Amino acid sequence: MNAGGFSRIKCDVPRPHVARIAIASGPENPLDLEVCGELFGALGFVHGTPDIRAVVLAHDGPYFCSGGEVPSVATPDGKMVGPFAEVLKGLHSLG
């Protein structure tokens, strides 16, 4: 089963109970606002699919991720907000 609608990542369920989310944003797989948005969307797909029990984070190309320019800012109480922070919170919320 494939979760469609993504252009910079791939999300599928290659085996029962296992989702694979692969960064596929170019040879070095840089993170940017669009990739973070798609990662967050894929995590929503995983969270909404009760029979998925494990997630594999992967990549296309020779590098997992070369880094990127994704703005996140700290709130006065020290919480991070921004696209990448939301992806990390989405990963954490999977349990």
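Visitor: Which element gives the most to the lining of the largest pocket?
Guide: Keep in mind that this is a predicted model. The pocket has a volume of about 170 Å³, and 14 residues line it, with Ile 23, Leu 39, Leu 57, Phe 64 and Phe 84 the closest to its centre. Two or more lining residues come from each of β2 (18-23), α1 (33-47), β3 (54-59) and α2 (83-93). The top contributor, with 4 residues, is α2.

Visitor: How do the residues of that lining divide into nonpolar, polar and charged?
Guide: Charged residues are absent from the lining of the largest pocket, and so are polar ones. That leaves one class, and the count is 14 nonpolar.

Visitor: What do the buried residues of α2 pack against?
Guide: Let's start with who they are: Pro 83, Ala 85, Val 87 and Gly 90 are the buried residues of α2, each under 20% relative accessible area. Their packing partners are one helix and one strand, namely α1 and β5 (80-81).

Visitor: In what order do the 3 strands of the open sheet come?
Guide: The edge strands, β1 (9-15) and β3, each pair on one side only. From one strand to the next, the twist averages 25°. The pairing is mixed, and the order is β1-β2-β3.

Visitor: Which residue in β3 is the bridge partner of Ala 22?
Guide: Strands of a sheet pair through backbone hydrogen bonds, either parallel or antiparallel. Here β2 and β3 go for the parallel sense, over 6 bridges. In β3, the partner of Ala 22 is Ala 58.

Note on methods:
Residues numbered from 1 in each chain as written. Predicted model: local features only at pLDDT ≥ 70, side-chain atom pairs only at ≥ 80, totals over all residues. Heavy atoms only, no water. 1 Å grid on protein atoms, 1.4 Å probe; cavity = no way out; pocket = protein on both sides within 12 Å on 5 of 7 lines; lining within 4 Å. Points joined across faces, edges and corners; volume = space filled by probe spheres on them. Nonpolar A, V, L, I, M, F, W, Y, C, P; charged D, E, K, R; others polar. Buried < 20%, exposed > 50% of the residue type's maximum accessible area, 1.4 Å probe, protein only. Contact = heavy atoms within 4.5 Å. Pairing = 2+ DSSP bridges. Axes fitted to C-alpha atoms, helices over the stretch in contact; angles between N-to-C directions.
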